[in-house]
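Good morning, and thank you for joining. I would like to take you through one structure, beginning with its ligand and ending with its cysteines.

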Amino acid sequence: MPESVLVTGANRGLGLELVKQLLRKEEKPPKVLLATCRDPQGPWAQELRALASTHPNLVILQLEVTDPASVQSAAKEAESHLGGQGLNLLVNNAGVMPACTLESATTKGMLDVYNVNLVGPMLVTKAFLPLLKRAAQASPDTALSCAKAAIVNMSTFLSSIEKVPVMYHSTPAISYRCSKAVLNMLTKLQSMGYKEDGILCTALHPGWVKTDMGTEEADLTVEESVAGILGVICGLSEKHHGALVTWEGKALPW
Ligand code: NDP
C-alpha cells in the first residue's frame, strides 16, 4: 500500500469514497492522505471536514484544478505534510460531464470541459511530479507499483473510441468523451515520459457509479466501485503502465 496518497475532487462522489475507504484500511492506511477540494470551508466539504477532525492522517487542501496558482500552492502545502518522503500515489479524480451533443457543442463548452478533465490533471501532475519522483527514488522497490510511485488518471468507458457505438445514442456527452479520450493519450505520454523516473501511469474506468455525475440509475454504488478501484490500484504493475483498465482490473481498448 502507498504510504502517501493525494486525491483530487475528494469532497463528494468517488473521491470522497476513496478517502473513506483508504482511512478504513485495516492493514496499512496511508500515513498521509491529502484530500483536495475547491472549497474546504464550504458546505460541500462538510463530510470531509468531519473525517479530518477524527483522522490525524487526513489533510484537506484547497485545489481548483483549472487554477495554476491554486495547484502550485497545494503542491507546496502538500510538501510540508509529507515530511521529505515524497508522494506515492496521485489520483487525478476531479472531473465534469455536462450534457453536450454534436448539435449543442460550443467552443466555450468544449474548452471548459477540456480545462477541467485534461488540462487539470496535466497541471496537477506537473506540480506534484517532484514529490512523486522523490517517493520513487526513496523506494527500495525496483518494480513499478503504487507503493513506489504512481499516477492514476480517472478515465471512463465513454473515452474508448472502439466502444463508441455501444453507448453513442444513450450518452453522446461529446465534450466529456473527447476530453477523456485525450486524457488517455496524456496517460500514455506520461507513461513514456516518467518510466525512467520509476512512476507508474494508468488510466482507470471506475464503472458506471451512483454519484452526482453517474446518477441514481447507475449500475454500481460508490462503495462497490471504490472497493474494486482500490484492489486494482494495489495490484498495479508494469503490465498496467500506459494502459486503460477497469475497476475490475480488465483491459479496455482505447
Ligand atoms: P462527481 O460529479 O460526483 O464529483 C466530481 C468531483 O470533481 C467533485 O469533488 C467536484 O468538486 C470535483 N471537481 C469538478 N470540477 C473541478 C475543478 N475545476 N477543480 C477541482 N475539482 C473539481 O463525479 P464522480 O465522483 O462520479 O466522478 C469522479 C471521476 O470519475 C470523474 O473524473 C469522472 O469523469 C469519473 N467517472 C465517473 C463515472 C461515474 O459513473 N460516476 C463513470 C466514469 C468515470 P465540487 O464539489 O467543487 O464541484
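Of the 27 residues around the ligand, which come nearest? They are Asn11, Arg12, Arg38, Tyr176 and Thr211. Please bear in mind throughout that this is a predicted model.

Let us look at the polar contacts. In Arg12, a polar side-chain atom lies 2.7 Å from an oxygen atom of the ligand. The side chain of Tyr176 places an N or O atom 2.6 Å from a ligand oxygen. For Thr211, the distance between a side-chain N or O atom and an oxygen atom of the ligand is 2.5 Å. On its own, the ligand has 890 Å² of accessible area, and the protein covers 94% of that.

Where does the ligand sit? The space it takes is the largest pocket. Two elements give two or more residues to the shell around the ligand: helix H1, residues 13-24, and helix H6, residues 174-193.

I turn now to the cysteines. How many disulfides does the structure hold? The number is 0. Why is Cys146 not bonded to Cys234? A disulfide requires two cysteine sulfur atoms within 2.5 Å. The closest cysteine sulfur to that of Cys146 belongs to Cys234 and is 4.9 Å away, so the two are too far apart for a bond.

Are these two cysteines buried or exposed? Cys146 counts as buried, because its relative accessibility is 2%. Cys234, by contrast, is partly exposed, with a relative accessible area of 35%.

Thank you for your attention.

Methods
Residues numbered from 1 in each chain as written. Predicted model: local features only at pLDDT ≥ 70, side-chain atom pairs only at ≥ 80, totals over all residues. Heavy atoms only, no water. Buried < 20%, exposed > 50% of the residue type's maximum accessible area, 1.4 Å probe, protein only. Near = heavy atom within 4 Å. Polar contact = N/O pair within 3.5 Å; in protein donor to acceptor, adjacent residues only side chain to side chain. Areas by Shrake-Rupley, 256 points an atom, 1.4 Å probe, with all protein chains shown as cover. 1 Å grid on protein atoms, 1.4 Å probe; cavity = no way out; pocket = protein on both sides within 12 Å on 5 of 7 lines; lining within 4 Å. Sits in = over half its atoms within 2 Å of the grid points. Helix = DSSP H or I, 4+ residues; strand = E, 2+ residues; numbered from the N terminus.
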